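Visitor: I have the sequence and the structure open beside me. Could you walk me through what stands out?

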Amino acid sequence: MERVYLKRENCCGCSACYNICPTKAITMKPDEEGFLYPVIDESLCIDCYSCVNVCPLITEGNNKEKTTPDFYVAKHKSEEVLMNSTSGGAFTAISDAILGLGGVIYGVDYDDEFKVLHRRAETYQERNRFRISKYVQSNLGDIFKEINKDLEEGRKVLFTGTPCQAAGLRGFIGDSKLTENLYVCDLICHSIPSPIIWEDYKKLLEKEHGGKLTNVQFRSKIIDWTRENSNKSFLYTTSGSEEILNDERFYKLFFGLKTITRPSCSECPFTDIHRASDITIADYWGIEKYAPEWMDTKGVSVILVNNEKGADLLQKCSEGLFYEKRAKEESLAEQQRLREPVQFPENRSEFWEDYRKHGFEYIIEQLDK
Ligand SMILES: Cc1cc2nc3c(=O)[nH]c(=O)nc-3n(C[C@H](O)[C@H](O)[C@H](O)COP(=O)(O)OP(=O)(O)OC[C@H]3O[C@@H](n4cnc5c(N)ncnc54)[C@H](O)[C@@H]3O)c2cc1C
């Protein structure tokens, strides 16, 4: 077989095909926008079609639940957790519940060079590294195979990731008995930015301030948690500067221009209330209007309970989490990604043409004009 997908919009890069290929004929390779796509070595391919059959964008229904979720507002009871989480700390409470049962957590971390990737955690300390959204597509590597191994060994597993990654994992694990111990948690996802642009951005920050990056943090709570502030704080430090610095240019490319996100995001089938997960977490935007008593400038979460397993999981969180059922209409009104995919600007291809011809610094110069 030549290709798993027909056009770039049809591949979300979840790597389920790479993980399932019985002859290791597939490698995940970046295209010129830096997003990973499966490339088939035809000399190894046995035409078994496992890759096509596992693809969550091809599978009818996209591995989504057919039920309508219950919506909750939630907030972690610990101020320390709230300050170190993107939203209301729902992830910490959910992962605490699974760690407390002797389970393992899969989530998104930075490596030593702040590349974004999925990792496995068995301790609270390792899990804490997954906190705080990293607005870059993570590299999943062999993670689905690792999860399968944990499940085969009888471990409980919590996977957290974007909706397409969650759907890819569900397709990979299939309907086997193994799913009993698997808990899948996705996010409401705006869209996912390019790893190559992230690399260029980090290099630029290092060039501007000297030395190597020593820390990065999207959405710090040093600035109050509100929708308006959600694209204002990106904190970083470099070995060449004593200061904690803040920069908004990556957000401008991501949320503002919408040019640096994956082509498949514009046709994302996971932008509705039917989810490919047991539980979904996000920001409770608009809570100050609907239930001001829940508003907290340190962060508030919305939780979608998508099935019985999700309900059981939420119940297991009651030690760490305050929560209350809310009308689904509130989040449907506030969360565009529960209604429709991101719409790319007409000049998206011009943007990438400029990037190819003139490089990243030129792109940044244009931003300031
Ligand atoms: C790319 C992206 C787009 C998002 N878009 C929206 C949106 O449109 N609306 C909205 O309300 N919320 C959105 N979120 C979710 C929101 O930013 C928070 O991640 C979520 O509310 C969890 O917050 P928390 O306080 O419970 O968890 P935290 O303690 O902050 O934990 C963060 C969680 O996100 C996971 N994560 C971090 N980075 C990534 C990544 N690159 N890919 C996959 N998973 C990741 C971690 O594994 C962990 O489970 C988005 C998140 C990401 C990563």
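Guide: Gladly, and please keep in mind that this is a predicted model. Let us begin with one aromatic residue: Phe234 is buried, its relative accessible area being 1%.

Visitor: Which residue forms a stacked aromatic pair with Phe234?

Guide: The two ring centres lie 5.9 Å apart, and the planes make an angle of 25°. Planes under 30 degrees apart count as stacked. The partner is likewise buried, with 3% relative accessibility. The residue that stacks on Phe234 is Tyr236.

Visitor: How is the aromatic pair of Trp352 and Tyr355 arranged, and in which helix do the two residues lie?

Guide: Here the centres are 5.4 Å apart and the planes differ by 80°. An angle over 60 degrees counts as edge-to-face, so that is the class of this pair. Both Trp352 and Tyr355 are buried. They sit three residues apart, about one turn, in helix H13 (residues 348–358).

Visitor: Why would a spacing of three places suit two residues that point the same way?

Guide: Three places is close to one turn of an α-helix, as the general geometry shows. An α-helix has 3.6 residues a turn, so residues three or four places apart point the same way.

Visitor: How many aromatic pairs does a search of the whole structure find?

Guide: Some of the aromatic residues join into one cluster, among them Tyr110, Phe114, Tyr135, Trp198 and Tyr201. Phe234 and Tyr236, the stacked pair, belong to that cluster too. Over the whole structure, the number of aromatic pairs found is 24.

Visitor: Are H8 and H9 roughly parallel or antiparallel?

Guide: Helix H8 (residues 195–209) packs against helix H9 (residues 249–257) at an angle of about 155°, and the axes are 10 Å apart. An angle over 145 degrees counts as roughly antiparallel. Therefore the relation of H8 to H9 is roughly antiparallel.

Visitor: What is the handedness of that crossing, and which residues of H9 make the contact?

Guide: H8 passes H9 in a right-handed crossing. From H8, the contact uses Ile197, Trp198, Tyr201, Leu204, Leu205 and Glu208. By class, the contact has seven nonpolar, no polar and two charged residues. On the H9 side the residues are Arg249, Phe250 and Leu253.

Visitor: What else covers the buried residues of H9?

Guide: The buried residues of H9 are Arg249, Phe250, Tyr251, Leu253 and Phe254. Their cover includes H8, and from the strands S8 (213–218) and S9 (234–238). The helices H13 and H14 (360–367) are also included.

Visitor: Which residue just after H9 has a positive phi?

Guide: Most residues other than glycine have a negative phi. Just after H9 there is a residue with a positive phi of about 60°, and that residue is Lys258.

Visitor: How many of the eleven residues of helix H7 are buried?

Guide: Among the buried residues of H7 are Pro163, Cys164, Gln165, Arg170 and Phe172. Their cover includes helix H1 (16–20), helix H2 (50–54), strand S5 (116–121) and helix H6 (143–152). H7 (residues 163–173) is largely enclosed by the rest of the structure, because the buried residues number ten of the eleven.

Visitor: Which residue takes a positive phi just after H7?

Guide: The phi there is about 70°. The residue just after H7 is Gly174.

Visitor: Where does Arg219 lie, and is Arg219 buried or exposed?

Guide: Arg219 has a phi near 50°, a positive value in a residue other than glycine. Its place is in the loop between S8 and S9. With a relative accessible area of 7%, under the 20% cut-off, Arg219 is buried.

Visitor: And where is Ser15, and what is its relative accessibility?

Guide: Ser15 also has a positive phi, near 70°. Its place is in the segment before H1. Ser15 counts as buried, at a relative accessibility of 5%.

Visitor: Finally, what does Ser331 touch beyond its neighbours within four places in sequence?

Guide: Ser331 is found in helix H12 (residues 328–334). At 1% relative accessibility, Ser331 counts as buried. Its contacts, leaving aside those neighbours, are Phe71, Tyr284, Val302 and Leu338.

Note on methods: Residues are numbered from 1 along each chain as its sequence is written. This is a predicted model: local features need pLDDT of at least 70, side-chain atom pairs count only at pLDDT 80 or more; totals for chains, interfaces and linings use all residues. Side-chain values use heavy atoms; hydrogens and water are left out. Axes are lines fitted to C-alpha atoms, for helices over the stretch in contact, and angles run from 0 to 180 degrees between N-to-C directions. Helices (H or I, at least four residues) and strands (E, at least two) are DSSP runs, numbered from the N terminus. Angles under 35 degrees count as roughly parallel, over 145 as roughly antiparallel, 65 to 115 as roughly perpendicular and the rest as oblique. A crossing is left-handed if the near helix is turned anticlockwise from the far one by less than a right angle, and right-handed if clockwise. Contact means heavy atoms within 4.5 Å. Ala, Val, Leu, Ile, Met, Phe, Trp, Tyr, Cys and Pro count as nonpolar, Asp, Glu, Lys and Arg as charged, and the others, Gly among them, as polar. Rings of Phe, Tyr and Trp (its six-membered ring) pair if their centres lie within 6.5 Å; planes under 30 degrees apart count as stacked, over 60 as edge-to-face and the rest as tilted. Buried means under 20% relative accessible area, exposed over 50%, partly exposed in between (1.4 Å probe, protein chains only).
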